[in-house]
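Okay, thanks for making time for this one. I'll put the model up and then walk through a few spots worth a look.

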Amino acid sequence: MNDSDSQSSDNNESPAGEGSVISGLLARPGDVLPNVIDLVPVVERPFFPAQVMPVVLSGDDWMDTLRHAHEKNNNILGLVFADAANSSAAAPEDFRSMGTACRIHQIHQQENGSLHVVLVGVERFAIRQWHSRERPFSARVEYFPESDDSDSTEIKAYTTALINVIKELLPLNPLYGEELKQFLSHFGPSDPSRLADFGASLTTASATELQEVLEILPLYPRLEKALVLLQKELEIARAQMEIRQHVESEMQQRQRETFLREQLKYIQKELGISKDDRTAEVETFRERIEALDVPVHAKERMDEELDKLSILERGSPEYTVTRNYLDWLTILPWGRYSDDRLDLAEATRVLDADHEGLDDIKSRIKEFLGVGIMKGSVSGTILLLVGPPGVGKTSLGQSVARALGRKFYRFSLGGMRDEAEIKGHRRTYIGAMPGKFIQALKEAGTSNPVIMLDEVDKIGASFRGDPASALLEVLDPEQNHNFLDHYLDVRFDLSNVLFICTANTLDTIPSPLLDRMETMRLAGYLSSEKVDIARKHLLPAQLTAAGLRKRGDISVDRAALRRLVEEYARESGVRRLDKLLARIVRKAVMKLLEGATRPIRVRAADLEEYVDKPIFKPEMPKSGVGQVTGLAWTAMGGATLSVEARRIHGFGRGFRFTGQLGDVMKESAEIAYGHVLSAAERLGADPAFFRDSAIHLHVPAGATPKDGPSAGITMACALLSLCRDRKPLANLAMTGELTLTGDVLPVGGIREKVVAARRARLKRLILPEANRGDFDTLPEHLRRGLKVDFVSDFDAVAALVFR
């Protein structure tokens with residue numbers, strides 16, 4: 001319904017002029033409010049009867065509503081809080097049930113079309129019936145005149161409390177004073193109802209809380225609610241004032257310090273004792289140079305740069321570049337060396353304390369240190385420690401540094417693709433820095449540290465250059481005494497640095513780089529060695545890390561450690577073993593915290609409770625017709641390798657092989673088949689067997705990629721066993737490359753393969769004759785208890801296998 005005629009019958013009309021500015025009279029106590037009024041939604045916060053405030057409305061949406069209220073409703077307009085994104089989008093369903101009737105004091109239309117409407121809150125009302133549910137909204141309302149309860153003691157007390165809180169708010173924010181003036185110009189402080197509404201409107205409370213105050217009709221609870229909101233506002237205002245005063249105090253303190261500092265500079269200048277920042281920096285650099293033993297060519301460059309720095313303006317970009325360059329030049333340890341601890345007995349003690357086993361490697365390191373002790377200095381050799389992960393390559397480098405009493409610096413070359421990481425960036429580039437080796441010298445503070453280059457086998461190459469080629473100069477004893485970093489552009493002597501490199505394999509290291517290093521191979525640990533490492537080093541470290549310093553809180557039986565090694569952590573290193581021990585300690589700690597009796601003892605049978613099911617089953621070398629055990633080398637160390645041969649059918653000749661074999665291993669299978677076929681009579685086999693037989697050769701496990709030539713004689717033995725229908729000798733493993741004529745060629749990784757054989761409890765081995773020297777150089781504890789036969793041709797292999 002939107003009938004203006006019927007609406008006018010309930011309204012008192014009041015004439016007013018039209019135009020861009022519309023003025024009206026202020027509300028008077030005796031004014032009669034219309035029963036049907038136009039409504040405008042407000043979405044930010046409710047409007048209170050005690051408020052005098054401008055409201056901004058859209059002219060396109062609300063001009064008709066305001067004009068109708070001015071012409072028909074005696075300048076009375078209803079403002080109702082609505083739950084909507086904006087007033088233009090509000091629908092009747094969004095309107096709250098109670099709002100405030102306001103008298104329009106002034107309307108001013110802006111150039112952008114918006115309306116600035118000054119409103120004076122008159123009285124509360126409740127919407128009883130909608131007359132128009134579309135703009136312009138209108139409804140029949142019920143008013144709630146204020147009752148006069150100002151004589152009540154409680155009302156007077158709350159009114160006084162409200163006035164006191166407002167007085168406390170006034171000094172904290174000047175805006176409160178302006179709003180109070182507006183309030184007092186229309187209402188008096190003795191009106192408790194208006195005072196409650198005004199107090200609520202002063203606060204920054206949420207729209208929901210303010211609407212609750214608006215909807216409270218009894219005066220006493222409304223005063224109580226308004227007082228609570230004002231008290232919160234007072235606390236917020238006090239906190240803001242404290243923050244503001246703190247910030248201002250800090251700013252004043254800084255300004256005071258700046259002023260005093262400038263005064264001090266002026267006084268020093270007048271007395272002739274002042275130095276500007278540039279002069280102070282030049283003197284600092286000169287003091288650094290005087291404390292160093294700098295070569296002549298470097299001293300000349302430093303003097304040139306100091307002269308340049310002394311004439312440059314501090315604000316120029318070149319000043320910063322020159323200053324940073326001088327900072328690097330003068331902070332390097334020119335002529336500064338740490339004294340080597342040339343004590344072979346101390347070196348032996350440190351190596352034995354830090355590492356279990358590795359006797360051959362420790363012996364070679366001691367030989368190297370012994371030569372240095374003899375000549376009085378340790379330098380000129382680059383060591384390369386090669387071995388599977390977790391065997392102690394990095395910790396060996398740290399032990400060498402500790403034994404010599406030198407600083408230790410480590411960085412990884414893995415994934416490095418920019419040669420500037422090695423030789424530095426040229427100073428013409430923004431953000432240029434020296435290379436890793438110059439940074440290492442700065443960090444160490446001496447010219448003879450131990451620098452470890454980890455993962456030297458994983459260097460990359462890209463359009464930015466080849467870091468491996470850049471390393472050639474660094475790791476060449478004939479060149480590194482004049483190492484030239486692109487950033488420094490001054491030669492630095494690296495010949496006193498002890499370089500120790502680590503790698504998992506030699507295949508990816510460029511030959512020229514490998515030629516400059518002395519290689520030391522670290523094979524995997526034996527099971528007994530890993531048990532000792534766990535008992536003496538890993539487990540105590542985990543107990544300390546868990547905060548268990550008391551001896552006897554947790555104990556792990558030696559049998560449990562051995563089972564852990566053989567069934568859970570069979571890799572060559574001890575990293576997984578360390579993680580498993582950490583899991584055991586964590587679960588034991590949980591039991592202690594839950595009140596378990598000390599000490600907690602972990603037995604071999606308890607491991608599944610702590611570290612789940614075993615990953616590996618005990619290696620049981622297979623023995624049967626067509627089944628032979630070989631030895632293989634992997635990046636994780638040595639491993640046993642079963643080879644199986646079977647006759648599939650007798651309907652035609654054929655040969656196939658499976659097991660995810662690489663190209664080299666496929667060729668070995670073909671060569672083994674060809675040799676056994678061609679020499680069948682000499683080897684005691686029936687040549688007719690192959691004429692009608694389809695033979696399948698398989699190398700478990702099929703999911704594991706395999707490659708390499710060392711399984712040649714193993715495959716040939718499996719085929720010969722199948723052809724002769726005889727089992728090979730039990731408890732036997734072998735390795736060796738086979739040629740088409742039957743010669744057995746040498747293979748690599750003998751140490752790792754022997755370790756794998758001992759782990760599988762194999763007692764007899766067949767190795768190439770050319771590898772006799774490799775076996776003889778193995779430590780005695782590896783060779784002890786093994787029966788090894790060395791062969792040069794396959795006839796000798798067959799004679800041993802089918803003895």
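Let me start in a loop. Arg761 is found between α25 (750-759) and β24, and keep in mind that this is a predicted model. Its phi is near 60°, a positive value in a residue other than glycine. Is Arg761 buried or exposed? The cut-off for exposed is over 50% relative accessible area, and Arg761 comes in at 52% relative accessibility, so it counts as exposed.

There's another residue of this kind. Asp725 isn't a glycine either, and it has a positive phi of about 55°. You'll find Asp725 in the loop between α24 (712-724) and β21. With 58% relative accessibility, Asp725 counts as exposed.

Now, those two loops lead into β24 and β21, so let's go there. Well, first β24, residues 764-768. Five of its five residues are buried, so this strand is largely enclosed by the rest of the structure. Which residues sit on which side? Arg764, Ile766 and Pro768 are on one side, Leu765 and Leu767 are on the other, and all are buried, so both faces are covered. As background, side chains in a regular strand alternate between the two faces of the sheet. And yes, there's an arginine in that buried set: Arg764.

What are the neighbours of β24? Strand β21, residues 732-734, runs parallel to β24 and is joined to it by three bridges. Leu732 is the residue opposite Arg764 there. Then there's strand β25, residues 787-791, also parallel to β24, with five bridges between them. In that pair, Leu765 stands opposite Val788.

Next, a separate sheet. This one is open, has five strands in the order β9-β10-β13-β8-β14, and its pairing is parallel. The edges are β9 (408-412) and β14 (518-521), each pairing on one side only. On average, neighbouring strands here are turned by 20° against each other, if you ignore direction. Inside the sheet, β8 (residues 382-386) and β13 (residues 498-503) pair in the parallel sense over five bridges. One example to click on: Leu383 has Ile500 in β13 as its bridge partner.

On to helices. α9 covers residues 296-311, so 16 residues, and it reaches 23 Å from first C-alpha to last, close to the 22 Å expected at 1.5 Å a residue. Its buried residues include Ala298, Arg301, Met302, Glu305, Leu306 and Leu309. They cover an arc of only 135° around the axis, which puts them on the same side of α9. What does the face turned away carry? There you get the exposed residues Val296 and Ile311.

There's also a helix pair. The axes of α11 (residues 344-354) and α13 (residues 393-404) come within 9 Å and cross at roughly 150°. The cut-off for roughly antiparallel is over 145 degrees, and therefore these two helices are roughly antiparallel to each other. The crossing of α11 and α13 is right-handed.

Last item, cis peptide bonds. One joins Arg135 and Pro136, with omega about -5°; Pro136 is in the loop between β6 (114-132) and β7 (137-143). Another joins Arg598 and Pro599, with omega about -10°, and Pro599 lies in the loop between α20 (575-593) and β16 (600-602).

That's my tour, happy to rotate anything again.

Key:
Residues numbered from 1 in each chain as written. Predicted model: local features only at pLDDT ≥ 70, side-chain atom pairs only at ≥ 80, totals over all residues. Heavy atoms only, no water. Buried < 20%, exposed > 50% of the residue type's maximum accessible area, 1.4 Å probe, protein only. Helix = DSSP H or I, 4+ residues; strand = E, 2+ residues; numbered from the N terminus. Pairing = 2+ DSSP bridges. Expected span 1.5 Å × (residues − 1). Arc of directions from axis to C-beta. Axes fitted to C-alpha atoms, helices over the stretch in contact; angles between N-to-C directions. Parallel < 35°, antiparallel > 145°, perpendicular 65-115°, else oblique. Left-handed = near helix turned anticlockwise from the far one by under 90°.
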